[in-house]
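Student: I am new to this structure and should be grateful for a close look at a single part of it. Please take one sheet together with what surrounds it, and explain it in a connected way.

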Amino acid sequence: MFKKINLRSRTALVTGAGKGLGKACAIALAEAGAKVIIISRTLSDLTKVEKIIKKTKGSCLKFECDVTDLNKFKSILKKIKRLDILVNNAGTNRPEHFTKVKKKNMEYLVELNMKAAFNVAQLCTKKMVELKNRKKAGGSIINMSSQLGRVGAPLRSVYNMTKFGVEGLTRGMALELGKYNIRVNSVCPTFVETPMVKAFFKNKKFKQQMLDNIPLGRAAQENDVSTAVAFLAADSSNSITGTSLMVDGGWTAK
Amino acid sequence: MAKFLKDINLKGKIAVVTGATKGIGRSTAIAMHQVGASIIAFGRNKNDLNSLKKKLKIRIKCIECDVNDYKKISKIIKNLNRIDILVNNAGTNLPEPFLKVKKSSLETLLDVNTKAAFNVAKLCTDKMLKLKIRKKIGGAIINTSSMFGLVAGPNRTVYSMTKFGIEGLTKGMAVDLAKYNIRVNSVCPTFVETPRAKKYLSNKAFKKYALSNIPLGRIATESDIATAITFLSSDASSMITGSSLIIDGGWTAK
């Protein structure tokens, strides 16, 4: 009756896999038995992740690539045989007050969090449907969204815009890819103790405001998010598509 | 030991499951038992309870009672030793067009789906808080909601009213109980192959309506829902509270 999180014989691609949530997801998927293809701009980060995965006898392929470089990403997909799972994770944040958002920051966030996310998803889907028995085997795409894909927050108008966008993309893709048995979901974490967020936490006022907003009274850990991603990647979540798994300690329940 | 993939494990946990005689409740009791939980099954039908007891053999206690009988459930729950998890599942549906809803149907659904759900949740929470180390070990409550807790469907005004109510209850409880480290979530299934839904689905027009609204093109299985509830009841979801896990094949993504 209970379906274990098992990804044996599945191949998963993770973008932004060098650090933080992407790294955690790549390792979690490998721990569940998947072959993992890790992508990041920084080769030295990938090498570290590869080491961790290989230590636990997981299988891993690494490619240095900026996901905004569409041609390079395409060439990577040509090198791989098969793809069952995508963790569409690469993204960033540049917090600024709405009235002071710099044009180049807005454009960069749109470029990476939306345009690249869309392109990566489209190219990977094409790769996934190349498999003749895709409909039988199924596939899963997890877009890394955020609780700020559901609610607003100070200094995050652009991030909000891009992550609400990812929520829309998730639902649209889910509708169109249902017929191939490719499920598409997002995860919406609250603040997670990643290197990116730890930098924000140095501001004590920020940290207190954050904790005041999380009913459970703690920030999320990387493995809270990576476990949710693995659940959505596996057949454990066989009938779940077009949804957002909120990993936010109750932030958006208020 | 896996670092980024948390185990879904309920060893040493005691779980109350209401409406455990058939369908989602029964399957969830079995799934949670599979990963180590001790089950306290509530149900009205003695034969069904006996069948569950026979199947699980150990770590199972069956209690014959109607969740509407406040005095009785109050006494029973007070006399239990300990509860860590509640699957607040007992519920029913009496589909009727809005203009023809019988007063008795309205009252039945409000009694079972709303009032009894509230009462069971409150009584079980009281018991959960009796444990001194609750904050340290956490607790989980999963309310069985429905995709009709999020959107409407024909002939389901009363059902939707009660299930939207459950969504509200879930969020309110999550906010109030977070300080005790008790997480509260709901699951929102589409039509599931349960004995009750099978009756509806034997009508061809109804089945067509259901399938044409589910992008994945299939009805959910009891195992899909049982697995999701088991995930939400375990520490694998320790940052998830106040949210709804939608298991609807994409129905509400449209």
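**The sheet of chain B and its surroundings**

Tutor: Helix 2 of chain B, residues 46-56, lies across strand 2 (38-43) and strand 3 of chain B, and it runs at about 180° to strand 3 of chain B. This arrangement belongs to a predicted model, for which the scores are ipTM 0.91 and pTM 0.94. For chain B the average pLDDT is 97, and 100% of the residues score at least 70.

The two strands beneath discussion are part of an open sheet of seven strands in chain B, whose order is 3-2-1-4-5-6-7 and whose pairing is parallel. Strand 3 (60-64) and strand 7 (244-247) of chain B are the edge strands, each pairing on one side only. On average, and with direction ignored, neighbouring strands of this sheet are turned by 15° against each other.

A second helix may now be added to the picture. Helix 4 of chain B, residues 103-129, lies across strand 1 (14-17), strand 4 (85-88), strand 5 and strand 6 of chain B. Its direction is at about 175° to strand 4 of chain B.

Two of the strands just named deserve attention as a pair. Strand 5 (residues 139-144) and strand 6 (residues 182-189) of chain B run parallel and are joined by six bridges. As an example, B:Ala140 has B:Arg183 in strand 6 of chain B as its bridge partner.

Beyond the strand itself, the loop between strand 6 and helix 7 (195-201) of chain B holds B:Thr194. Is this residue, B:Thr194, buried or exposed? B:Thr194 counts as buried because it has 22 C-beta neighbours inside 10 Å, and the cut-off for that class is 20 or more. Apart from neighbours within four places in sequence, the residues in contact with B:Thr194 are B:Lys22, B:Gly23, B:Ile24 and B:Glu222. With B:Lys22, the C-alpha to C-alpha separation is 7.7 Å, although the two positions lie 172 residues apart in sequence numbering.

Finally, chain B also meets chain A, in a contact that takes 40 residues from chain A and 38 residues from chain B. On the side of chain A that touches chain B, helix 1 (20-31), helix 6 (157-177), helix 9 (222-233) and strand 7 (244-247) of chain A are the elements that give two or more residues. Helix 9 of chain A provides the largest share of that side, seven residues. By kind, the residues of this side of chain A divide into 19 nonpolar, 14 polar and seven charged.

Definitions and conventions
Residues numbered from 1 in each chain as written. Chains lettered and ligands numbered in written order. Predicted model: local features only at pLDDT ≥ 70, side-chain atom pairs only at ≥ 80, totals over all residues. pLDDT = per-residue confidence, 0-100. Pairing = 2+ DSSP bridges. Helix = DSSP H or I, 4+ residues; strand = E, 2+ residues; numbered from the N terminus. Axes fitted to C-alpha atoms, helices over the stretch in contact; angles between N-to-C directions. Contact = placed C-beta atoms within 7 Å. Buried ≥ 20, exposed ≤ 12 C-beta atoms within 10 Å, placed from the backbone. Nonpolar A, V, L, I, M, F, W, Y, C, P; charged D, E, K, R; others polar.
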